[in-house]
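Please open the model in your viewer and keep the sequence panel beside it. The tour below moves from one selection to the next and says what is to be found at each stop.

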Amino acid sequence: MNQNTPNPRTNAAKILQSIIYKGESLSAALQDNTDPLTRDLCYGSLRWHEPLSALLDVLLSKQLKKKDKDVECLIRVGLYQIIYQKTPDHAAVGETVSALKGLKKPWAKKLVNAVLRNYLREQDSFQKEIQKRQVVRYAFPKWLMDEIKQAWPDNWEEILKQSNQRAPMTLRVNLKHQSRDEYLQKLKTENIEAEILEGVETAIVLAKPSNVFDLPGFRNGTVSVQDGAAQLATILLDCDDDMVVLDACAAPGGKTGHILESAKNLKVIAIDNSETRLQRVHQNLQRLKLQAEVITADALDTELYASNILFDRILLDAPCSATGVIRRHPDIKVLRRKSDIEELQGLQSKMLDTLWEKLKPQGILVYATCSILPQENEDQIRDFLKRTKDAEIVSIAKSNGLGRQIFPNENNMDGFYFAKLRKSATSQNN
């Protein structure tokens with residue numbers, strides 16, 4: 001490794017420390033770090049957080065001090081390489097010990113070396129011991145496993161299993177530029193293997209991930225990267241030309257772009273409460289050569305962004321537990337708490353009520369979450385319909401109750417929930 005090149009294992013240990021012990025999100029902690037090994041070490045160590053934590057419990061005779069949690073995280077990285085990456089034993093141990101140089105903690109060499117070699121000597125017995133714990137077998141925190149079991153008694157094991165898989169790379173074809181079949185042919189010409197995603201007219205799934213800049217037409221907006229379920233949100237909006245559309249909670253802008261691709265002459269207002277995240281919306285729109293009014297605002301503060309406007313269509317991609325996208329964001333298993341769910345429910349409820357007031361009579365609001373918990377989804381919509389006399393549910397394809405619940409990796413898609421709501425023609429907006 002070049003003397004000036006940051007060590008991926010050192011970087012991964014620091015990033016894991018900021019997530020596990022400081023509560024930072026994986027996407028924020030990685031930022032623009034594109035080193036594939038660093039990213040894989042971080043994603044993998046978080047995906048298998050429960051088994052790795054259980055091993056540390058039995059391998060470390062005492063907890064490391066708070067200031068030395070970076071060393072503990074480096075041991076996690078070493079164990080991940082041995083168990084899940086199948087890195088040769090001597091290389092995994094040697095490279096992990098060498099990475100201590102970047103942490104400026106040479107005193108820990110003996111400790112890291114001893115812990116990893118101890119695991120290698122007795123790995124069968126260590127694995128047998130930790131596999132007694134259900135959280136280890138399913139690699140899920142107990143509270144979340146219990147929630148999913150209760151919600152989906154017939155499907156919970158498959159949901160957990162699929163949530164621990166790597167997600168595929170899915171593309172959204174801009175049908176204004178060409179048909180999906182035409183784009184598939186372009187991929188074939190470039191020897192990029194792919195297939196259509198059944199049930200989502202704009203979606204293509206790649207056989208293996210690709211650098212976006214290797215995708216034909218990516219730079220000029222012919223294609224974007226977006227999960228198939230996320231693409232369904234815009235398709236369900238069913239926009240017509242010249243409509244006024246609100247994209248609430250718009251960042252990072254995938255759905256904003258898709259809305260603008262879906263019909264002509266749309267006036268789209270895209271809002272998010274994070275100015276930083278809205279930069280991604282601007283970047284996406286610039287690449288797609290599309291225009292929207294992008295505003296930093298809290299969705300509840302309608303006076304700020306829509307004081308004299310009523311919308312034909314509203315997409316509320318609501319803040320949620322994100323329990324349907326754990327395969328893409330394994331840090332959710334570490335960061336999410338049971339207490340978050342009730343707080344999120346309250347916010348979702350307020351947003352539904354507030355944005356409903358900004359919808360025209362006969363307008364459509366699509367409520368979407370990337371959650372698989374009924375209290376954020378069907379229960380939320382049931383309560384909304386009870387208290388909202390001018391709202392009716394619109395039937396959607398493959399609906400399974402009040403809306404459609406998609407499980408992780410169902411038809412190659414992320415876990416998502418959708419409900420399509422129409423406001424009655426006789427409604428009187430405030």
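## Salt bridges across the chain

Begin by selecting arginine 133, which is partly exposed, with a relative accessible area of 32%. The model is a predicted one, and the stops that follow should be read with that in mind. Add aspartate 57 to the selection: the side chains of arginine 133 and aspartate 57 meet in a salt bridge, with N to O at 3.5 Å. The two partners belong to distant parts of the chain, 76 residues apart, since arginine 133 sits in the loop between α9 (123–130) and α10 (134–138), whereas aspartate 57 is part of helix α4 (residues 49–59). Aspartate 57, at 44% relative accessibility, likewise counts as partly exposed.

From here, select Lys67, Asp68, Asp70 and Lys105 together; salt bridges with shared partners join these residues into one network.

Next, go to arginine 166 and aspartate 40, which form a salt bridge whose closest N and O atoms are 2.9 Å apart. Arginine 166 lies in the loop between α12 (156–163) and β1 (170–173) and aspartate 40 in helix α3 (residues 36–47), so that this pair ties together parts 126 residues apart in sequence. Is each partner buried or exposed? Arginine 166 counts as exposed, at 56% relative accessibility, while aspartate 40 counts as buried, at 17%.

The next pair to select is arginine 9 with glutamate 95, whose side chains meet in a salt bridge of 3.9 Å, N to O. Here the pair ties together parts that are 86 residues apart in sequence, because arginine 9 lies in helix α1 (residues 8–20) and glutamate 95 in helix α6 (residues 89–98). Arginine 9 is buried, with a relative accessible area of 10%, whereas glutamate 95, at 33% relative accessibility, counts as partly exposed. How many salt bridges does a search of the whole structure find? The search finds 22 salt bridges.

## A negative patch

Now show the surface and select Asp238, Asp240, Asp241 and Asp242, which form a negative surface patch. To place the patch on the fold, centre on aspartate 240, which lies in the loop between α14 (228–237) and β5 (244–248). Aspartate 240 counts as partly exposed, at 45% relative accessibility.

## Backbone stops

Follow the chain to the peptide bond from alanine 251 to proline 252, which is cis, with omega near 5°. Proline 252 lies in the loop between β5 and α15 (254–262).

Select glutamine 362 next, a residue other than glycine whose phi is nevertheless positive, near 70°. Glutamine 362 is found in strand β9 (residues 359–369), and this residue is exposed, with a relative accessible area of 55%.

A further stop of this kind is asparagine 412, which is not a glycine and yet has a positive phi of about 65°. Asparagine 412 is located in the loop between β11 (404–406) and β12 (416–423), and at 25% relative accessibility this asparagine counts as partly exposed.

## Two cysteines without a bond

Display the side chains of cysteine 320 and cysteine 370. A disulfide is a covalent bond between the sulfur atoms of two cysteines, and a search of the whole structure finds zero of them. Cysteine 320 is in no disulfide, although the sulfur of cysteine 370, the nearest cysteine sulfur, is 3.6 Å away. Why is there no bond to cysteine 370? The 3.6 Å between the sulfur of cysteine 370 and that of cysteine 320 is too far for a bond, because a disulfide is taken to need sulfur atoms within 2.5 Å. Cysteine 320 is buried, with a relative accessible area of 12%, and cysteine 370 is also buried, with a relative accessible area of 16%.

## A last distance

To finish, select glutamate 343, which lies in helix α19 (residues 338–356) and is exposed, with a relative accessible area of 63%. Then draw a C-alpha to C-alpha distance from glutamate 343 to glutamine 226: the two residues are 28 Å apart in space and 117 residues apart in sequence.

Terms used: Residues are numbered from 1 along each chain as its sequence is written. This is a predicted model: local features need pLDDT of at least 70, side-chain atom pairs count only at pLDDT 80 or more; totals for chains, interfaces and linings use all residues. Side-chain values use heavy atoms; hydrogens and water are left out. Patches are made of residues with over 30% relative accessible area and no salt bridge: like charges are joined within 9 Å, nonpolar side chains (Val, Leu, Ile, Met, Phe, Trp, Tyr) within 5 Å. Accessible areas come from the Shrake-Rupley method with a 1.4 Å probe; for residues, only the protein chains shown count as cover. A salt bridge is a side-chain nitrogen of Lys or Arg within 4 Å of a carboxyl oxygen of Asp or Glu. Lys and Arg count as positive and Asp and Glu as negative; His and the chain ends are not counted. The place of a charge is taken as NZ of Lys, CZ of Arg, CG of Asp or CD of Glu. Helices (H or I, at least four residues) and strands (E, at least two) are DSSP runs, numbered from the N terminus. Buried means under 20% relative accessible area, exposed over 50%, partly exposed in between (1.4 Å probe, protein chains only).
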